[in-house]
Amino acid sequence: MNDQPNNTTAKILIIEDDRFIGEMYTRSLRSAGYQVDWSVDGQQGLAAAIAGQYDLILLDIMLPHKTGNTILRELRTPEDKIPNTRVIVMTNFEQDEDARAIMEADANAYLIKADITPRRMLEVIAQVLA
Amino acid sequence: MFAQFAVAGVVAGTLLLVMNLLDLPSALAISVIVLVFVESAVGYLLLRYALGPTDMIARCLMYVRGEPLLRPLPDRGDPASVNSGLSLLLTTILDGTTKKDAQPTASTDQQPLRDLLAALPIGFVALDSHHHIIAANSLAPICTAPDGQRRIQLDFANASESLDVWLGQVSGNEIEAEKIWSHIQNVAPDQPDRRIFDVIAHYRQDFPSGIATVVITVDRSAEYEGQEDNADFVALAAHELRGPITVVRGYIDILDQQLGAQMTPDQHALIDRLNVSAKRLSSYVNNILNASRYDHKHLKLRPTETMVTNIIDEVKNDMDLRASTQNRSLVWQIPPELPTVAADQSSISEVLTNLIDNAIKYSHDGGQIEISAALQDDFVAISVCDHGIGIPPVVASNLFSKFYRGHRSRDMVSGTGIGLFISRGIIESHGGQIGVESTEGQGSTFTFTLPIFSTVAEALASDNHSLIRDDLGWIRNHSRVRK
């Protein structure tokens with residue numbers, strides 16, 4: 001059962017280099033009615049994030065060419081380049097707490113991918129976009 | 001006649017003492033003595049029996065005053081001194097008086113010892129019976145606390161096994177005791193000048209010179225930091241393992257969602273088993289990662305105000321599914337009116353998952369497991385009770401050690417025993433306690449406590465990400481924040 005509204009027009013960018021995981025979230029989010037773009041590269045993902053006017057970005061950490069930490073820092077500083085965009089950091093690589101706290105300051109949620117399912121992710125997205 | 005010489009001897013001895021104290025040249029002292037005694041053979045005897053002891057007393061007095069000595073301290077063990085009582089007098093002067101710091105001289109008989117202590121790559125600290133530092137060498141990890149007291153700067157990950165706790169246990173209760181700690185850091189990993197030590201403490205009731213405990217620290221940073229690279233390896237390995245787990249869990253979830261209506265009950269049951277197994281795999285990876293961090297003092301928790309029901313909600317669906325796939329049932333008895341607690345929610349969820357997982361493993365087919373919560377002084381106690389094979393008392397005390405499993409369970413049920421080890425680490429880092437009551441053949445009740453948020457709010461507000469409770473209240477590092 002899907003608790004998400006199917007008529008949502010929210011636009012979501014997934015920056016995720018694992019093709020299985022990226023494809024999985026793309027499928028799940030599109031089924032829930034979201035508009036989804038997917039980038040597998042950090043550098044291209046940063047460019048898409050700035051240009052695309054997304055409502056939400058799902059951002060992995062361990063990415064080729066530019067890590068999620070760097071992308072988030074470049075998006076939010078020195079000035080916030082995406083003030084109307086929410087960010088969910090999703091990773092399987094647990095950083096030390098200080099690095100995590102810095103990321104959380106610039107993001108709306110921080111999730112361990114292996115600990116959640118696509119349906120649980122939809123619930124989190126609904127909360128973050130609410 | 002003898003009395004005359006005796007008076008002359010005392011006068012000369014006093015003169016010699018004054019000259020010694022004033023650092024007048026020995027030659028002058030000798031001249032005075034010669035003038036006084038030159039005409040009498042008895043002078044020799046007085047030199048031996050009156051001036052000799054006076055000189056010995058003078059040297060001892062100079063030593064305790066911290067004056068440089070031109071000759072070594074007198075031998076207190078020679079028979080004449082012992083028989084005459086002089087030895088006792090010298091001992092009283094030397095041991096019963098606080099010695100000022102002496103200027104180092106090559107002839108001071110303690111200098112070789114000082115040189116040795118300075119040259120060894122080992123820290124030495126002497127503590128008095130109140131656990132205050134009375135001496136330490138430069139390599140000992142020493143800091144100055146906010147109250148101005150010098151303290152040994154060691155950050156024991158497990159507060160219940162710290163040096164202070166051990167000293168409290170042995171002081172006055174033991175005649176002699178020794179304890180060794182391995183892999184103890186002076187500050188957290190992200191702090192400057194971090195070092196990692198092996199620590200040996202030796203306590204004796206009858207140490208001389210007011211010393212009660214000697215603490216020796218051996219800096220093993222180079223070796224242990226290499227091991228911390230292993231912790232980074234575990235983090236990277238966990239990342240690699242979690243990728244496929246994410247995909248397996250995700251696609252099972254999508255399949256369940258898309259095929260739900262078309263599947264038979266049997267197929268639903270198979271999907272449930274896949275779901276449960278993938279979730280357990282994820283939990284095991286979390287346990288391994290956290291155990292590695294705990295071992296290397298990297299486990300940091302961030303307790304926040306939360307309701308017990310929120311923690312329960314986090315795990316309830318997964319645990320119900322896990323129990324039902326193994327023909328067990330869970331009964332949740334959580335009163336809604338409990339006060340909020342200070343908890344790192346995801347970590348406490350892992351603890352609950354570990355305890356319920358064990359209860360499922362060690363209970364009988366069709367068994368019931370009760371999860372309950374109750375107020376207990378400044379804490380909320382959460383219990384997981386099964387009616388399974390139970391644990392003999394001799395085994396129960398070892399259950400929370402890493403990789404330990406009960407004697408019968410080793411053969412009957414698979415598992416590593418890592419879950420209880422990391423559960424204890426997580427709960428103690430919250431300032432709570434975890435324990436078990438069990439009757440063999442009847443079942444076990446595991447209980448852990450979490451502090452009520454209002455009792456620790458002040459400590460958490462002062463930039464504390466973990467809490468330690470000692471006899472007097474909540475502490476963080478060495479700063480007491482709550483009485």
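Colleague: Where is L113(B) found?
Modeller: L113(B) sits in helix 6 of chain B, residues 111-119; helices here are DSSP runs (H or I) of at least four residues, numbered from the N terminus. This is a predicted model, where local features need pLDDT of at least 70, side-chain atom pairs count only at pLDDT 80 or more, and totals for chains, interfaces and linings use all residues. Residues are numbered from 1 along each chain as its sequence is written, chains are lettered from A in the order written, and side-chain values use heavy atoms, leaving out hydrogens and water.

Colleague: OK, new topic. How many residues of chain A are in contact with chain B?
Modeller: 27 residues of chain A, with 23 residues of chain B on the other side. Contact means heavy atoms within 4.5 Å.

Colleague: And what area is buried between chain A and chain B?
Modeller: About 2,300 Å², with carbon and sulfur atoms giving 49% of it. That's the accessible area (1.4 Å probe) the two parts lose on being put together, summed over both.

Colleague: How many salt bridges across that interface?
Modeller: The rule finds two, a salt bridge being a side-chain nitrogen of Lys or Arg within 4 Å of a carboxyl oxygen of Asp or Glu. R119(A) and D253(B) pair up in a salt bridge at 2.9 Å, N to O.

Colleague: Which helices of chain A supply at least two residues to the side touching chain B?
Modeller: Helix 1 (19-31), helix 4 (97-106) and helix 5 (118-129).

Colleague: Which one gives the most?
Modeller: Helix 1 of chain A, with six residues.
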